[in-house]
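Student: I would like a close look at one part of this structure and at what surrounds it. Please pick a single starting residue and work inward from there.

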Amino acid sequence: MNFDPAPFQALIKARCGLACDGSLAENLQAALQERMRSCAVEPGAYLTLLQIREEEFRELITRITINETYFFREPEPLRLLVERLIPRLLAEPGRALPVRILSAGCASGEEPYSLVMALLEKFGPQVSRLFSFTGIDIDSTSLAKARQGSYGAYSFRGDFPYPRERYFDLREGQFLLKEPIKRLVAFRECNLLNPEIGRLLGRFDIVLFRNVSIYFDAPTRRIVLQNLASLLDEKAILLIGIVETLGND
């Protein structure tokens, strides 16, 4: 089926900021074909459907987002947090607890869970008292996987620094995160373009925003960063990915 993807690209960019070019353009084309077949509608009718039915818009977004993640991806910044920056926060006179940590664009949860495990290695059972963890993403399917805590071998393609059996149970080829670890992270569906994000989520001491802004164009990235600023408490830490820069924003 031949159709003009431009109206769909414009709608997606307006609603959630994604610039559907490059590899995302291919994902969008395939996802649109699949969903139009599933809904048995032509392009014009499907565009209308996306505008009036939030559930269908979410279904489409689930199919085009890349959600490239795995446990302990880019481990050096995590070590910096755990070994230097977080102890510095905890040593501040009058520091209120818990230290609130947000993983923005958390996908299927590997990033916040990695940080939980690293902090458990350093602080032990005090973690539940010292820290609170929240993961947000626009993709409801990825968030459902994060809450389930069930992962295949692909999620461990990086260097996993601890014995897996310490944090996972192996069952039928899947690694199931142990319940006490899952309970430490709250996951919420959230659009980073929402100007009310600060009111909805409150303030955080640490925000991880890694390998997310690379999917936005410069004007959209500026809006997202302004929204993230509303989440940052005084002296808060914003940790971005190693391929990203705030220099032009």
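Tutor: Start with I242, which is exposed, with a relative accessible area of 63% (exposed means over 50%, buried under 20%, partly exposed in between, with a 1.4 Å probe and protein chains only). I242 is found in the segment after strand β8 (strands, E, of at least two residues and helices, H or I, of at least four are DSSP runs, numbered from the N terminus).

Before going further, note that this is a predicted model, in which local features need pLDDT of at least 70, side-chain atom pairs count only at pLDDT 80 or more, and totals for chains, interfaces and linings use all residues. Residues are numbered from 1 along each chain as its sequence is written, and side-chain values use heavy atoms, with hydrogens and water left out.

Step back from I242 into β8 itself. K235 is found in this strand, and its phi is near 65°, a positive value in a residue other than glycine. Most residues other than glycine have a negative phi. K235 is exposed, with 61% relative accessible area.

Strand β8 belongs to an open sheet of five strands, in the order β6-β2-β1-β7-β8, with parallel pairing (two strands pair if DSSP finds at least two bridges between them). The edges are β8, residues 232-240, and β6, residues 185-189; each has a single partner strand, so one side of each is left without a neighbour in the sheet. From one strand to the next, the twist averages 20° (axes are lines fitted to C-alpha atoms, for helices over the stretch in contact, and angles run from 0 to 180 degrees between N-to-C directions).

Now go along the order from the β8 side. Next to β8 in the order is β7. Strand β7, residues 204-209, pairs with β1, residues 99-104, in the parallel sense over three bridges. In this pairing, I101 stands opposite I206 in β7. Helix α11, residues 218-229, lies across β1, β7 and β8 and runs at about 155° to β7 (contact means heavy atoms within 4.5 Å).

Both ends of β1 adjoin a loop with a backbone feature to look at. In the loop between α5, residues 75-90, and β1 is P98. The peptide bond joining L97 and P98 is cis, with omega about 5°. In the loop between β1 and α6, residues 110-123, lies A107. Its phi is near 55°, again a positive value in a residue other than glycine. Unlike the exposed K235, A107 counts as buried, at 5% relative accessibility.

On its other side, β1 is joined to β2 by six bridges, and the two run parallel. The bridge partner of R100 in β2 is S132. Six of the seven residues of β2 are buried, so this strand is largely enclosed by the rest of the structure. Strand β2 then pairs with β6 in the parallel sense over five bridges, and here D137 stands opposite E189 in β6. Helix α8, residues 140-148, lies across β2, residues 131-137, and β6, running at about 165° to β6.

The remaining topic is charged side chains. A search of the whole structure finds 14 salt bridges (a side-chain nitrogen of Lys or Arg within 4 Å of a carboxyl oxygen of Asp or Glu). In one of them, E56 meets R35, with the closest N and O atoms 2.8 Å apart. The pair links distant parts of the chain: E56 sits in helix α4, residues 54-64, and R35 in helix α2, residues 23-39, 21 residues apart. E56 is buried, with a relative accessible area of 5%, and R35 counts as buried at 10%.

Another salt bridge joins the side chains of K122 and E83, at 3.4 Å from N to O. This pair also links distant parts of the chain, with K122 in helix α6 and E83 in helix α5, 39 residues apart. K122 counts as partly exposed at 38% relative accessibility, and E83 is partly exposed at 48%.

R95 and E92 form a further salt bridge, their closest N and O atoms being 2.8 Å apart. E92 counts as partly exposed, at 24% relative accessibility. Finally, salt bridges that share partners join R15, E54, R58 and E189 into one network. This returns to the sheet, since E189 is the residue in β6 that stands opposite D137.
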